[in-house]
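Reader: I am new to protein structures and would love a close look at one part. Could you walk me through how the cysteines sit in this model, and then what lies around them?

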Amino acid sequence: MSVIAHRRVCALCGSDTADKIALSLPPTPCANEFLERPARQDVFPLDLQLCAAADCGHLQLEAVVDPTRLFDDYVYVSGTSPVFVAHFAEYARQAAETAGLGPGSLVVDIGSNDGTLLARFLENGMTRVHGVEPAGRIAAAAVARGIPTTNAYFDRRVAQALRAELGPAQLVTANNVFAHIADLEHTALSVGDLLAPHGVFIFEVSYLLDVVEQGLFDTIYHEHLSYHAVRPLIGFFARLGMTLFDVQRVRAHGGSIRVYVSAESRPVSARVAELVELEISAGLFLPETYSVLRKQIAARASELRAHLAALRSEGARFCGYGAPAKLTTMMYALELDRDDVEFVVDDSPLKRGLYTPGTHIPVVGSDHLAAVSGKGFWCVVFAWNFYDSIVARHSDWAGNWINPQVRALTG
């Protein structure tokens, strides 16, 4: 079975969420299920449930797709983006300072991908790092670059085995991972098994406040089971005997939060209460907010389709840059396919030579972009969170660019 669960309870507080659908998007294939050749693919619903518990309000996907289908042959790697390499350098420096790390401290990264973050810790003098990564090919690449990595899904068995082998971790990190897991309680308890008494758990996730305020509907896809806000997370960790003691807004993925958790009691930063107040003011925990968002998404999709149609009527042709998971949601929302977008450039060698999920657009290298320079092409930057760096790197390209997340659609 590819859908292994239809959720009926909140992942954070356990309250009933059956029939509490707040928002629905068109069903899509798995967003990173690229194909070697075009073929029919399963599609799964993108229905979001809103927890109605007074102290929670967590937003989550109703359908849970088997994680082995999503992650065993994962094609996203962090190290291909200069923006993310720089982001992780800053992250490692700040995390080391917060956790009070020294050269002998153990840092464990959950969902460590190709080891890009852990490599930054090594550069900062942390001599003991270890990754846990379920995608076999990517885990092997991390090991080849000198990052010790366990090829597994992180759970209590893995956590306890690592602690027995390596000792307790002073820092556990998880980046764009804590939104990908169905059983968040089990994961948090697994982190607790691994942490030293004074250790710190730091994770980054896309921030629901940014999703709602900026209309980032294309960040909704099957890997993202949870759409996190601060208030539901406070109660969740408190119920497990942990303290969410700080939170920081960061720019990654159009707007994320970096969350700091300890297994012991710590003074809580004023930023925590400040963000909770912003969330309440923005109506994040009210069903009517998502009714408004649904209308905004429909209007946005209509606006983008109309813009592309107007350009096409003037002879424009279209390609894309970036084949992130966001592309799949956006293409289905816009009702576009390979008749509209002729090819998509991506910097990852794991995606080039494949076809995009469902829409079956060929993914190619940047040489294809150069080949159509000056031939009337417009390039839609689906990896819009890297828009500025992509355009700067291809400043000599004689074509026009479209950022699909900018309200004023200009080339």
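Author: Happy to help; here is a look at the cysteines, followed by the nonpolar cores and one pair of helices. Please keep in mind that this is a predicted model.

Let's start with the bond you may be hoping to find. A disulfide is a covalent bond between the sulfur atoms of two cysteines. Searching the whole structure turns up 0 disulfides. Take Cys13, which is in no disulfide: its nearest cysteine sulfur belongs to Cys51, 3.5 Å away. Cys13 is partly exposed, with a relative accessible area of 24%. Now turn to Cys379, whose sulfur lies 3.9 Å from the closest cysteine sulfur, in Cys319. The cut-off for a disulfide is 2.5 Å, so that distance is too far for a bond. Cys379 is buried, at a relative accessible area of 0%.

Next come the nonpolar cores. The largest has 90 residues, and the members touching the most others are Phe178, Phe201, Phe203, Leu208, Phe237 and Tyr290. Helix H10 (residues 287-313) gives this core its largest share, 7 residues. Phe203 is a nice one to zoom in on: leaving out residues up to four places away in sequence, its contacts include Phe178, Phe237, Tyr91 and Arg258. A second, separate core has 39 residues, among them Ala92, Tyr321, Val345 and Phe377.

Finally, look at helix H5 (residues 156-166) and helix H6 (residues 184-194), whose axes come within 8 Å and cross at roughly 10°. That angle makes H5 roughly parallel to H6. Residues in contact include Arg156 and Leu162 from H5, and His186 and Asp193 from H6. By class, this contact has 4 nonpolar, 3 polar and 3 charged residues.

Methods. Residues are numbered from 1 along each chain as its sequence is written. This is a predicted model: local features need pLDDT of at least 70, side-chain atom pairs count only at pLDDT 80 or more; totals for chains, interfaces and linings use all residues. Side-chain values use heavy atoms; hydrogens and water are left out. Axes are lines fitted to C-alpha atoms, for helices over the stretch in contact, and angles run from 0 to 180 degrees between N-to-C directions. Helices (H or I, at least four residues) and strands (E, at least two) are DSSP runs, numbered from the N terminus. Angles under 35 degrees count as roughly parallel, over 145 as roughly antiparallel, 65 to 115 as roughly perpendicular and the rest as oblique. Contact means heavy atoms within 4.5 Å. Ala, Val, Leu, Ile, Met, Phe, Trp, Tyr, Cys and Pro count as nonpolar, Asp, Glu, Lys and Arg as charged, and the others, Gly among them, as polar. A nonpolar core is a set of buried Ala, Val, Leu, Ile, Met, Phe, Trp, Tyr and Cys residues joined through side-chain atoms within 4.5 Å. Buried means under 20% relative accessible area, exposed over 50%, partly exposed in between (1.4 Å probe, protein chains only).
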